[in-house]
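Q: I'm new to reading protein models, and I'd love a close look at a single part of this one: the aromatic rings that sit together. Could you walk me through them and then show me how they fit into their surroundings?

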Amino acid sequence: PDSQVGMYLALGFTNVLPKRTPPVLTKTRGVIMGENAKLPYMGMEAFVSSNGRAAVVRSLVYQTAPEYHDVLCNCTKVSLQDVLQSLDQHILERSEVKPLLQWWNQYSSRVSSSLSEGEELKRVIQFYETEQKETKEGQQQQQRSIISFSNFIYYTTSKSLISLPLPDTVLPQELHPHARWLERWFLELPLDVWASFMAQHPCMTLALPNDDKLRCQTLQLLHREWQSKYGADKLQFGRSLCSYLQNTPCIPYDDKDNAKAADKPGTLYVPSAELSAFASSGANFRKVSPKLTNDYGITEP
């Protein structure tokens, strides 16, 4: 009911067990001695797993009798090191990652945490790629791939890129809450890195008809980026694109038998090329499909 009642109760335990701290009720281990328990602190208790070393007092119990736990039980508060240790020994479900990152964003904005603590947190976060599926009795649980947060190098908030394939080194969109810590842990995905990745993507290298739209969307984005640059930057980006795509069958061309055919850039002519003089030669000269201009706004240089 009040702080005095809690104090007298604790004194009663102290008289019975003079060499031990009074008992407390923890979230994961039930009733244990106070000297072996930790107190909730700034939301950290939510990320200390049940198999970790730190047994945390239930928040409601602590709020009801803070003097009992602080003074007589002499419990220490759960620390960031407890969280790091717990995460280092525990693999998260994918759905648990975002709440952890949201907590870190709030915590790091209120506490002057060092850069090394943030890097250590990033190092210890691991999660399952897919959620656990329920299995019937007697069935073996499926093997699930584990993803380490330290494998992520980049992030992107570009709406154009989010809808297209991204390298495995890019933080998945659903895992970041657009917070300021992104710039501490990751780099903004450069377009030339993404271009290099897409040049090796099956949608660009296999020239399959079903990938026609995705190929054109990729070329559209690269063209917009090239157009947005000036001077030496534009020249350098253009050279990079040439090196990435020169041997890639990714440019659509007009073909009566296959409307979604694609080939390497060096084998095709621009739509405005005048090829009528070579019609009698029997050679098969092909032009880039005009849909790149008409549907995707990609103009001739």
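A: Happy to! Let's begin with the whole protein: buried residues make up 39% of its 301 residues. Please keep in mind that this is a predicted model. The protein has 13 helices and 11 strands. Its accessible surface comes to about 17,800 Å², and 50% of that belongs to carbon and sulfur atoms. Among contacts between residues at least 6 apart in sequence, 59% join residues at least 24 apart.

Now to the rings. A search of the whole structure finds 11 aromatic pairs. One of them is F47 with W103: the ring centres are 5.3 Å apart and the planes meet at 45°, so this pair counts as tilted. A tilted pair is one whose planes are neither under 30 degrees apart, which would be stacked, nor over 60, which would be edge-to-face. Where do F47 and W103 lie along the chain? F47 is in the loop between β3 (37-39) and β4 (55-56), while W103 belongs to helix α5 (residues 94-110), so the pair ties together parts that are 56 residues apart in sequence. Are these two residues buried or exposed? F47 is buried, with a relative accessible area of 16%, and W103 is buried too, at 8%.

A second pair to find is F149 with F186. Here the ring centres are 6.0 Å apart and the planes are at 65°, so the pair is edge-to-face. F149 sits in the loop between β7 (146-148) and β8 (154-155), and F186 in the loop between α8 (182-185) and β9 (187-188), so this pair links parts that are 37 residues apart in sequence. F149 is buried, with a relative accessible area of 0%, and F186 counts as buried at 3%.

Next, put the two pairs into one picture. F47, W103, F149 and F186 are among the members of one aromatic cluster, which also includes W104, Y107, F127, F152 and W185.

Let's now follow the strands on either side of the F47 loop. β3 and β4 pair in the parallel sense over two bridges, and A37 has A55 in β4 as its bridge partner. These strands belong to an open sheet of three, in the order β4-β3-β5, with parallel pairing. β4 and β5 (76-77) are its edge strands, each pairing on one side only.

A residue from another strand touches this region. T26 lies in strand β1 (residues 23-26) and is buried, with a relative accessibility of 1%. Leaving aside neighbours within four places in sequence, T26 is in contact with I32, A37, A55, V56, V57 and R58. You have just met A37 and A55 as bridge partners. The side chain of T26 also has polar company: one of its polar atoms lies 3.1 Å from the backbone nitrogen of R29, and the side chain reaches the backbone oxygen of G30 at 2.7 Å.

Finally, rings can have charged neighbours as well. K229 lies over the face of F237, at 5.4 Å from the ring centre. R286 lies over the face of Y253, at 4.4 Å from the ring centre.

Technical notes. Residues are numbered from 1 along each chain as its sequence is written. This is a predicted model: local features need pLDDT of at least 70, side-chain atom pairs count only at pLDDT 80 or more; totals for chains, interfaces and linings use all residues. Side-chain values use heavy atoms; hydrogens and water are left out. Rings of Phe, Tyr and Trp (its six-membered ring) pair if their centres lie within 6.5 Å; planes under 30 degrees apart count as stacked, over 60 as edge-to-face and the rest as tilted. Helices (H or I, at least four residues) and strands (E, at least two) are DSSP runs, numbered from the N terminus. Buried means under 20% relative accessible area, exposed over 50%, partly exposed in between (1.4 Å probe, protein chains only). A charge sits over a ring if NZ of Lys or CZ of Arg is within 6 Å of the ring centre and within 35 degrees of the ring normal. Two strands pair if DSSP finds at least two bridges between them. Contact means heavy atoms within 4.5 Å. Accessible areas come from the Shrake-Rupley method with a 1.4 Å probe; for residues, only the protein chains shown count as cover. A polar contact is a pair of N or O atoms within 3.5 Å; within protein, one must be able to donate a hydrogen and the other to accept it, and residues adjacent in sequence count only if both atoms are side-chain atoms.
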